[in-house]
Amino acid sequence: EIGFYKDQFVDINENVVPIQERGHQFGDGVYEVIRVYNGKPFLLNEHLDRLVKSAEAIYLELPYPPERIYEIISEGLEKSGLTEAEIYMQITRGIAPRAHLFPTTPSVMSMTIKNARVVDKKKRIDGVTVTLMEDERWKNCYIKSLNLLPNVIAKQKAATNGHEEAIFIRDGFITEGSSSNIFIVKNGTLITTPATNFILHGITRAAVIKLASKCNIPFEERKFDREFLNEADEAFITSTSAEILPISKIDDISLSPNRPITNLLYNEYCGLYK
Ligand code: PLP
């Protein structure tokens with residue numbers, strides 16, 4: 001495991017963030033999580049493209065050009081010695097005396113490379129339970145911002161009640177999970193929430209949509225509500241770390257354990273990096 005802060009690799013447990021860091025004091029920054037399979041960062045270009053978009057959306061200049069970020073990632077991976085890893089990287093508006101206005105000091109990148117968190121086999125097979133919750137986040141959820149307080153609280157409430165994930169509802173419609181996107185299958189059609197400002201445009205989500213097209217699975221991006229979700233034939237969440245994870249239960253409503261389309265897509269997804 002290894003860390004990186006402001007131009008240098010550091011021990012992951014070293015104290016490196018100055019008190020007056022804008023990430024620390026304001027959550028003023030953006031981040032990415034990238035999975036490494038067999039030594040290779042998966043969908044790296046897609047993640048870095050999204051990082052650039054998130055940064056632009058908050059008027060943040062990257063401290064390095066993308067080519068340099070690629071170099072730092074491969075150097076870090078080599079130093080870490082890991083092949084099944086998770087890269088966390090964030091860019092903040094840097095270090096400056098605390099004041100709301102943007103500082104003129106350069107932005108700062110930090111990164112950790114750690115062993116990948118692998119989802120339990122049992123959860124993969126049995127599926128996970130989720131609980132519905134009001135989406136209390138702001139309106140720019142497409143930005144992968146460091147401000148995760150509503151997500152953290154929702155995930156904790158879900159866990160306290162024995163659920164794997166909180167699924168958000170905004171204005172009566174399902175948006176996404178606290179750290180995942182959501183898909184359902186109804187009468188053979190794969191359906192997911194449209195990629196508006198109200199959800200993060202997941203890299204795994206995009207990969208699943210491509211796979212559906214490859215497998216000739218009818219697909220629709222459209223809004224759906226709680227009742228429609230409860231009546232789904234199949235439902236699953238997607239994220240870089242969870243990949244494709246079946247939902248077995250939504251609050252008190254159990255879904256069928258037959259999941260032909262979820263299983264097909266999961267097998268195809270694994271084939272992308274194997
Ligand atoms: N939605 C939210 C709110 C997330 O935090 C995440 C990732 O952690 C996702 C969706 C899934 O995105 P990705 O597939 O790019 O990991």
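A residue is taken to be near a molecule if its C-beta atom, placed from the backbone, lies within 6 Å of it. By that criterion, 14 residues surround the ligand in this predicted model. The closest of them are Leu-200, Gly-202, Ile-203, Thr-204 and Thr-240. Two elements, helix H6 (203–214) and strand E13 (234–239), each supply at least two residues of this shell. Helix H6 gives the most, with 3 residues. In terms of residue class, the shell around the ligand comprises 9 polar, 3 nonpolar and 2 charged residues.

The setting of these residues can be followed through the division of the chain. The protein is divided into domain 1, covering 2–115, and domain 2, covering 121–273. The centres of the two domains, taken over C-alpha atoms, are separated by 26 Å. Contact between them involves 20 residues of domain 1 and 13 residues of domain 2. On the side of domain 1 that touches domain 2, E3, H2 and E5 each supply at least two residues. Strand E3 gives the most to that side, with 8 residues. The residues of domain 1 on this side divide by class into 9 nonpolar, 6 polar and 5 charged.

The elements just named lead to the sheet. An open sheet of 6 strands has the order E2-E1-E6-E5-E3-E4, and its pairing is antiparallel. Strand E2 (8–10) and strand E4 (40–41) stand at the edges; each has a single partner strand, so one side of each is left without a neighbour in the sheet. In general, the strands of a sheet pair through backbone hydrogen bonds, either parallel or antiparallel.

Starting from the E2 edge, strand E1 (residues 2–5) pairs with E2 in the antiparallel sense over 3 bridges. Within this pairing, Phe-4 has Phe-9 in E2 as its bridge partner, and Tyr-5 stands opposite Gln-8 in E2. The two strands form a hairpin with 2 residues between them. In the turn of that hairpin, Lys-6 has a positive phi of about 45°.

Strand E1 is also joined to E6 by 4 bridges, the two strands running antiparallel. Here Ile-2 stands opposite Ile-113 in E6. The next step in the strand order takes E6 to E5. Strands E5 and E6 pair in the antiparallel sense over 8 bridges, and the bridge partner of Glu-86 is Lys-114 in E6. The pairing of E3 and E5 is likewise antiparallel, over 8 bridges. In this case Tyr-31 has Gln-90 in E5 as its bridge partner. As a general point, the side chains of a regular strand alternate between the two faces of the sheet.

Which strands does helix H2 touch as it packs on the sheet? Helix H2 (residues 44–57) touches strand E3 (29–37), E4 and strand E5 (85–92). Its direction makes about 175° with that of E3. Helix H3 (residues 66–80) also packs on the sheet, touching E1, E2, E3, E4, E5 and strand E6 (108–115). The direction of helix H3 makes about 150° with that of E1.

Taken together, E3 and E5 are paired strands that are both touched by H2. These three elements, E3, H2 and E5, each supply at least two residues of the side of domain 1 that touches domain 2.

Note on methods:
Residues are numbered from 1 along each chain as its sequence is written. This is a predicted model: local features need pLDDT of at least 70, side-chain atom pairs count only at pLDDT 80 or more; totals for chains, interfaces and linings use all residues. Ala, Val, Leu, Ile, Met, Phe, Trp, Tyr, Cys and Pro count as nonpolar, Asp, Glu, Lys and Arg as charged, and the others, Gly among them, as polar. Two strands pair if DSSP finds at least two bridges between them. Two residues are in contact if their C-beta atoms, placed from the backbone, lie within 7 Å. Axes are lines fitted to C-alpha atoms, for helices over the stretch in contact, and angles run from 0 to 180 degrees between N-to-C directions. Domain bounds come from an automatic or database domain assignment.
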